[in-house]
Number of protein chains: 2
Amino acid sequence: MTVQYESFVEKYKTLLDKELAAAVNVLEAPKVLKESITYSLTAKGKRIRPILLFATIDAFNEKPELGMKTACALEMIHTYSLIHDDLPSMDDDDLRRGIPTNHKVFGEGFAILAGDGLLTYSFQLIAEDSNLTDKQKLWLIAQLAKSAGPEGMVAGQVADIQAENKALQLADLEYIHHHKTGKLLTFSVLAGALIGGASDEQLQSLERFSQHIGLAFQIRDDILDVIGDQNVIGKPIGSDDGKLKCTYPALLTLDGAKDHLHKQITEAKTILQQLNLNSGLLLYLTDLIAGRNN
Amino acid sequence: MTVQYESFVEKYKTLLDKELAAAVNVLEAPKVLKESITYSLTAKGKRIRPILLFATIDAFNEKPELGMKTACALEMIHTYSLIHDDLPSMDDDDLRRGIPTNHKVFGEGFAILAGDGLLTYSFQLIAEDSNLTDKQKLWLIAQLAKSAGPEGMVAGQVADIQAENKALQLADLEYIHHHKTGKLLTFSVLAGALIGGASDEQLQSLERFSQHIGLAFQIRDDILDVIGDQNVIGKPIGSDDGKLKCTYPALLTLDGAKDHLHKQITEAKTILQQLNLNSGLLLYLTDLIAGRNN
């Protein structure tokens, strides 16, 4: 089965990349704007959100292609958030996905505008989607805006900036992750479920499922940070030898973080198994999130 | 009649301000984000776009209140564009509407995020509007995104940055204004027309009307800049005593700019009069745009 799942992921990543390129290509916009947008959009990303969306539609035995425009919108909003988060006035990062960040190449002004353009265009793509009903499109637009806007991803980034160099409690850390990455991951699953024809009850279960994998995704990220840096392993947690880095291993110890991760994955799988969907692919992705880069 | 029109404008400005405050108030978002959003949203603006929208609905004898959520979305997108345009990496302005710009008060990071939040939230407001049909809402979302996105306002701002310190032709200047301010002004009128029940033919005429008043608005802005600065009047056009300021008076002379403005207003009114709408209020606003601050 794994081979089959791997080829599903490859197939839809390729289709998505083609669709994203086409969506930018048709724009009547200044050359530098299209270049700046394309630069970040085509950088090698994991495409986790679109893949979750396609896999969820597949779990309902519907055609994943139905979610193509929504998948483009999701990846555009994710990309805009990376461009803006990397800016000097935010996280001030020079590298992203192995290449210089957008503002390092195009300058801050065009980087901000590329982000603004991607965010705005994503709503147009859904509104003009000819594969979905009007009701579906309006639900997707409202939920996407809620997940990405001042109550969602933007709130998470604000909290993240406020948390800089502060000692956080677990609740603060979870607020940041729940908003900054969790809400958009949840939208990816729920959008797929809606397009697949889920009932309200199924939507609720899948919302809990996606919250567990969102958390698992973040814990795994933090664990990889520790495992990736040999010097950090075994260092006393909370030691004041510099900035306090607020991560799950820092707050829970490395073993504690692994336990917390395991718990999320177990609960996510239990929810899936109770749903009686065609969920082999979603289970595979759940394991992938738990064990990636191992 | 003028008194009646003035009271219409006052009435709907007050209603809009209340609705904008309520829309921000209900958000479950970090305090500083709501403060940053509110700071720019409640700064004394002319509210030209919402007023044009309400006046156009009124011209079709429909209730202007039907456009309230769209008016909020319009003003939010206009405000986001001002916040981002004022950033140091863009126009680098310290003052806006008589008070310090958003990033001067809240810092660049929170200013960018306030803009991102406003832009995203605006689409949610339209998608959740209970006064309009699904078809109307999807049309409004698609057109608003097109007007504000990489083919619209964002394109204009990119062109504006590229034009800095360059000698422009009239065509370049018109590209910038048509995209940077014209497209959103046109949307204001067309959105009102759609909500008012306009036919395709009426929409086309009103699109031409709005393009003329958009251009008139910009020429008037440039003329006010000249009239407002006594030192500039009479200075040889195109003299190389510093940066070339690209404005209509600079390109056409002050009298030429006034003629160009007059032509736009005449054509706008001719189109309106041929439409046989209840357009007294729109005619009044057209005159206001031509003669404001005189």
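The legends below describe views of a predicted model with chains A and B.

**View 1. Chain A as a whole.**
Chain A has 13 helices and two strands. Its radius of gyration is 19 Å, close to the 19 Å that the globule rule gives for 294 residues, so chain A is as compact as a globular protein of that length. The C-alpha atoms fill a box of roughly 55 × 50 × 35 Å along the principal axes. Of the 294 residues, 57% count as buried.

**View 2. Contacts, surface and charges of chain A.**
Take the contacts in chain A with a separation of 6 or more: residues 24 or more positions apart account for 72% of them. The accessible surface comes to about 12,500 Å². Carbon and sulfur atoms own 50% of that surface. Chain A carries 29 positive and 39 negative charges. The mean positions of these two sets are 3 Å apart.

**View 3. Chains A and B about their axis.**
Chain B superposes on chain A after a rotation of 180 degrees, with 0.0 Å of shift along the axis. The RMSD is 0.0 Å. That is the relation of a two-fold axis. In chain B, the C-alpha nearest the axis belongs to B:Asp134, at 3.1 Å. Both copies use the same surface: 100% of the contact residues of chain B recur in chain A.

**View 4. A:Glu75, a buried residue in a helix.**
A:Glu75 sits in helix H4 of chain A, which covers residues 68–85. Its relative accessible area is 0%, under the 20% cut-off, so A:Glu75 counts as buried. Leaving out residues up to four places away in sequence, A:Glu75 touches A:Leu20, A:Leu41, A:Arg47, A:Pro50 and A:Arg97. One of these partners, A:Leu41, is 34 residues away along the chain. The C-alpha atoms of A:Glu75 and A:Leu41 are separated by 7.9 Å.

**View 5. A:Gly98, between the two strands.**
A:Gly98 is found in the loop between strand E1 (95–96) and strand E2 (99–100) of chain A. A:Gly98 is exposed, with a relative accessible area of 70%. A:Pro150 lies 52 residues from A:Gly98 along the chain. Their C-alpha atoms are separated by 29 Å.

**View 6. A:Ser130, in a loop between helices.**
The loop that holds A:Ser130 runs between helix H6 (108–127) and helix H7 (134–148) of chain A. A:Ser130 counts as exposed, at 69% relative accessibility. A:Ser130 and A:Lys69 are 61 residues apart in sequence. In space they are 9.3 Å apart, C-alpha to C-alpha.

**View 7. A:Thr253, a positive phi between two helices.**
Helix H11 (248–252) and helix H12 (254–275) of chain A are joined by the loop in which A:Thr253 lies. Phi of A:Thr253 is near 70 degrees. That is a positive value in a residue other than glycine. A:Thr253 has a relative accessible area of 40%. This value falls between the 20% and 50% cut-offs, so A:Thr253 is partly exposed.

**View 8. B:Asn61, a positive phi in chain B.**
B:Asn61 lies in the loop between helix H3 (48–59) and helix H4 (68–85) of chain B. Its phi is near 60 degrees, a positive value in a residue other than glycine. B:Asn61 has a relative accessible area of 62%, over the 50% cut-off, so B:Asn61 counts as exposed.

**View 9. B:Pro249, a buried proline in helix H11.**
Helix H11 of chain B, residues 248–252, includes B:Pro249. B:Pro249 is buried, with a relative accessible area of 3%. B:Asp160 is 89 residues from B:Pro249 in sequence. The two are 18 Å apart in space, C-alpha to C-alpha.

Terms used: Residues are numbered from 1 along each chain as its sequence is written. Chains are lettered from A and ligands numbered from 1 in the order in which they are written. This is a predicted model: local features need pLDDT of at least 70, side-chain atom pairs count only at pLDDT 80 or more; totals for chains, interfaces and linings use all residues. Side-chain values use heavy atoms; hydrogens and water are left out. Helices (H or I, at least four residues) and strands (E, at least two) are DSSP runs, numbered from the N terminus. The radius of gyration is taken over C-alpha atoms; the globule rule is 2.2 Å times the number of residues to the power 0.38. Buried means under 20% relative accessible area, exposed over 50%, partly exposed in between (1.4 Å probe, protein chains only). Contact means heavy atoms within 4.5 Å. Accessible areas come from the Shrake-Rupley method with a 1.4 Å probe; for residues, only the protein chains shown count as cover. Lys and Arg count as positive and Asp and Glu as negative; His and the chain ends are not counted. The place of a charge is taken as NZ of Lys, CZ of Arg, CG of Asp or CD of Glu. Copies are superposed by least squares on the C-alpha atoms of residues with pLDDT of at least 70 in both.
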